[in-house]
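Me: I would like to go through this structure by asking about its side chains. Please give the reasoning first and the value or name last.

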Amino acid sequence: DGVWTALSGNWFTLSEGDNVVLMGAGEGLLRTALIGQDYIFEALGRGTWGVASRVQDAGNYLAARRLDDGEVQVVHVRDGQSTVLARARPDTPRQGKWHRLGIEAQGDALRVWLDGAPLLQVALPADVPRRGHAALWSGGNAAFDNARWRKPLDILPAP
């Protein structure tokens, strides 16, 4: 294991001018080596993409996903089956624009924001592990840049 491990999907880098971006082709997860209980994971992305938390393997994780139509979903994937826990349709440009999506897991709560604005907060089901890796999620054709993992500085209020 290095810093990143492909759990599923196809992953490669691509030069865009002076910048090199990470690309995901096909649905998949690219897991970080970082593991924890309470943390924030965020990235810039475009396309159908997202960030995941408390990743156990390719079939068990939480994710904040930004779909092609602009909708953002919080999804719990358990044994490969997805359950949408919350959704929002923020008023943001849809196609081809870079957005920063973040997910914060703390205890039994999860908070998601898009471009710095709070978007969703959900109480997590009891069967969600309280510890795991962070990952990038590709839902088809996705581009990623500037991924960051950090510990939260504040405590989430109860949802």
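Me: Is arginine 89 buried, partly exposed or exposed?
Reply: The model is predicted, and its values are computed from that model. Buried means under 20% relative accessible area and exposed means over 50%. Arginine 89 has a relative accessibility of 48%, so arginine 89 counts as partly exposed.

Me: Which residue meets the side chain of arginine 89 in a salt bridge?
Reply: Arginine 89 lies in the loop between strand S7 (81-88) and strand S8 (99-106). The partner is in the loop between strand S5 (60-66) and strand S6 (72-78), 18 residues apart from arginine 89. This partner is buried, with a relative accessible area of 10%. At 3.3 Å, N to O, the residue that meets arginine 89 is glutamate 71.

Me: How many residues apart in sequence are the parts that aspartate 127 and arginine 78 tie together?
Reply: The two residues form a salt bridge, with the closest N and O atoms 3.1 Å apart. Aspartate 127 lies in the loop between strand S10 (117-123) and S11, while arginine 78 is in strand S6, so the parts tied together are separated in sequence by 49 residues.

Me: Are aspartate 127 and arginine 78 buried or partly exposed?
Reply: The cut-off for buried is under 20% relative accessible area, and partly exposed runs from there up to 50%. Aspartate 127 has 37%, so aspartate 127 is partly exposed. Arginine 78 has 45%, so arginine 78 also counts as partly exposed.

Me: What is the N to O distance in the salt bridge of glutamate 42 and arginine 150?
Reply: Glutamate 42 is in strand S4 and arginine 150 in strand S11 (residues 132-150), 108 residues apart. Glutamate 42 is buried at 3% relative accessible area, whereas arginine 150 is partly exposed at 35%. Their side chains meet with an N to O distance of 2.4 Å.

Me: Which residues are linked with Glu42 in a network of salt bridges?
Reply: A search of the whole structure finds 10 salt bridges. One of them joins glutamate 42 and arginine 150. The network that includes Glu42 also holds Arg100, Arg148 and Arg150.

Me: Which strand gives the largest share of the largest nonpolar core?
Reply: This core has 28 residues, and Val51, Leu101, Leu110, Val112 and Leu136 touch the most other members. The largest share, five residues, comes from strand S4 (residues 39-57).

Me: How many residues are in the other core, which includes Tyr61 and Val77?
Reply: This core lies apart from the largest one. Its members include Leu29, Tyr61, Val77 and Ala135, and the number of residues is nine.

Me: Is the aromatic pair of tryptophan 11 and phenylalanine 144 tilted or edge-to-face?
Reply: The ring centres are 5.8 Å apart and the planes are at 40°. Planes over 60 degrees apart count as edge-to-face, and those under 30 as stacked. The angle of this pair lies between the two cut-offs, so the pair is tilted.

Me: Which ring forms an edge-to-face pair with phenylalanine 144?
Reply: Phenylalanine 144 is in strand S11, and the partner is in strand S4, 95 residues apart. Both residues are buried. The centres are 5.9 Å apart with 80° between the planes, and the partner is tryptophan 49.

Key
Residues are numbered from 1 along each chain as its sequence is written. This is a predicted model: local features need pLDDT of at least 70, side-chain atom pairs count only at pLDDT 80 or more; totals for chains, interfaces and linings use all residues. Side-chain values use heavy atoms; hydrogens and water are left out. A nonpolar core is a set of buried Ala, Val, Leu, Ile, Met, Phe, Trp, Tyr and Cys residues joined through side-chain atoms within 4.5 Å. Buried means under 20% relative accessible area, exposed over 50%, partly exposed in between (1.4 Å probe, protein chains only). Helices (H or I, at least four residues) and strands (E, at least two) are DSSP runs, numbered from the N terminus. A salt bridge is a side-chain nitrogen of Lys or Arg within 4 Å of a carboxyl oxygen of Asp or Glu. Rings of Phe, Tyr and Trp (its six-membered ring) pair if their centres lie within 6.5 Å; planes under 30 degrees apart count as stacked, over 60 as edge-to-face and the rest as tilted.
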